[in-house]
Amino acid sequence: MGPRTKLVLHRTLQAIPALVGVVVVSFILTRMLPGDPAAYFAGPAATEASIAEIRDAMGLNDPLPIQFLNYVRDLLGGDLGNSLSTGQPVVEELARRLPASLELTLTALILSCVIALPLGVAAAVHQGRWIDHACRSLVTAGVSLPTFFTGIVLVYVFYYLLGWAPSPLGRLDFVYLSPPEVTGFYVIDALLIGDVETAMGAVRQLILPASTLALFTLAPLARMARAAMLQALSSDYIRTARAAGLGEGQVVFGYAFQNAMLPVITTLGMVFSFMLGANVLVEKVFSWPGIGSYAVEALVVSDYAAVQGFVLAMAILFVLLNLTIDIIYTLVDPRTREG
Amino acid sequence: MSPTPIDSRQRGFLDHVVYVLGENPITAIAFALFALIVCVALFGPALAPYDPMESNAARALEPPSADHWFGTDNLGRDVFSRVLVATRLDLMISVAAVALSFVIGAAIGSAAGYWGGWIDAVTGRFVDTIMAFPLFVLAMGIVAAMGNTVENIIYATAIINLPFYARVARAEVRIRRDAGFAQAARLSGNTDLQVLAFHIFPNALPPMMVQISLNMGWAILNAAGLSFIGLGVRPPTAEWGIMVAEGANFVVSGEWWLAFFPGLALMCAVFAFNLLGDGLRDIFDPRQRT
């Protein structure tokens, strides 16, 4: 087994305590429901006897460790309970809405990387010039913008004033039929059956929410790219490469950029944390039918099983994302290169 | 007479502050903006030209004018007055949350940094578990579980801010644990707790102040985000997040001022705290300047 395989295995094992922690916290959160969960699930018309019956049926009389084991057993069986308002299993609803959220988040992530990385690199290479100042202003403004506010401003400008964007209601205008589900991403699904018009419709709906989310994540990425690039450019191996007579292009992109990407990849974890939170706000502004707006709708009607299911699902998604980032880091890091 | 060493050191620090402010006028602007926000929070209700709760159906949804600087909302309430009055609540929520997480975070972080060992392992695991969640989502879950009230918004915001303070405190205490002055204090008979509280902690405070200022902006954003999705503050209370949420319904029909001004106020507050944090960092910790 090579050192790299070992490192990847090691990182994977490190994710296990995080998963355990997430499950314990989410168990505590489900047991902290305001009031008596049994009375809550029994409904307003329940009598003392029926509440006691439900409490027994829910296992709320068991000692806490037993309750925890039952909770874990349900989780392993993919059971997050039923939504109180729709009666559907929470897992099914989350799974049905997840592609919408992923389509939005991934588009935003790609968008912000495409803008932030070249911007940060350019700012570092031309330190102190106008592009550096532009980068710094954008970064400072970007971290101060409330996501939901940016979204509303974009809707006002591009939908109401200019009329370029469609109305901010969901993933697809009602004149289009949603494409047959393959990946769950409307744009890709529509392209798969060759329906360019529907794909364009989906893209038009997607642009504003994705830009809102991208504006939010742009700042930390650009800031990190600039700082990492500055540090790389001032290091000894760059001086050596320059002294050896390598061209500026090869120095910047061949040597500095590769090494500067490592801290940027590490920042991605934090960026995802912010992004999954901001996702909820953006989905509410644009009525995007993802898991974020599902949680918001559930909160409004006090459907706590659905909310806690959402929190747990997001946390597991986040742990897995961090694991992926760690593994990519290990694979990209030149110091762990084999041979 | 030559100045005493204390004098010259104080003057040196003042000179440094003046230099930093002169070098970067934005920091001066941030201090001014911060002072303005604090004044509005203190005197907001007295400054407001109208009663923030008083509705007036005859003058609903009016655009900004000389009478109503920020226009009126769908119930004819004055948006300017509501934005002013909301400052206190928004600031109170975030100050309370940040204070709470500073006290708890500093305590567990310092203990972990000073004693290490099992304390470090346990608190480290605790902090890592919080960080394993997307933080805003965790705050949603906490408020949903503990009940939908303003106090619980404060607790939730405090919990998600905790890791940052604990980590800074741990790192700053750890690097000073075996410093010369700490060993001298120990040798002259101070207990571990005294060394930590009166000798090491005061030295670790400046970087934590920077963290407080940077976190304050984030705490305001989170609290406003939570009320934007309908948690905590309830209508008709004036609060920036909920005002943006209520105004959002009118943006698609062109009544932009309902959501725009509270959003702008929120943005200015966050902006001021972020710039302030950068400025404080320049003053207290010149090595970290970017």
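**View 1. Ser273(A) in helix α11 of chain A.** Ser273(A) sits in helix α11, residues 248–285 of chain A (helices are DSSP runs of H or I, at least four residues, numbered from the N terminus). The model is predicted: local features need pLDDT of at least 70, side-chain atom pairs count only at pLDDT 80 or more, and totals for chains, interfaces and linings use all residues. Residues are numbered from 1 along each chain as its sequence is written, chains are lettered from A in the order in which they are written, and side-chain values use heavy atoms, with hydrogens and water left out.

**View 2. The surroundings of Ser273(A).** Ser273(A) is buried, at 3% relative accessible area (buried means under 20%, with a 1.4 Å probe and protein chains only). Ser273(A) touches Phe318(A) in its own chain. From chain B, Phe133(B), Pro134(B) and Leu135(B) touch Ser273(A). Contact means heavy atoms within 4.5 Å, and residues up to four places away in sequence are not counted here.

**View 3. The contact between chain B and chain A.** Chain B gives 43 residues and chain A gives 47. Together they bury about 3800 Å² (accessible area lost on being put together, 1.4 Å probe, summed over both). Carbon and sulfur atoms hold 80% of that area. In chain B, Phe133(B), Ala145(B) and Phe228(B) lose the most area to chain A. Their joint share is 15% of what that side buries.

**View 4. Helices on the chain B side.** Helices α4 (117–131), α5 (135–146), α8 (192–228), α9 (240–251) and α10 (257–284) of chain B each supply at least two residues that touch chain A.

Methods:
Buried means under 20% relative accessible area, exposed over 50%, partly exposed in between (1.4 Å probe, protein chains only). Buried area is the accessible area (1.4 Å probe) that two parts lose on being put together, summed over both.
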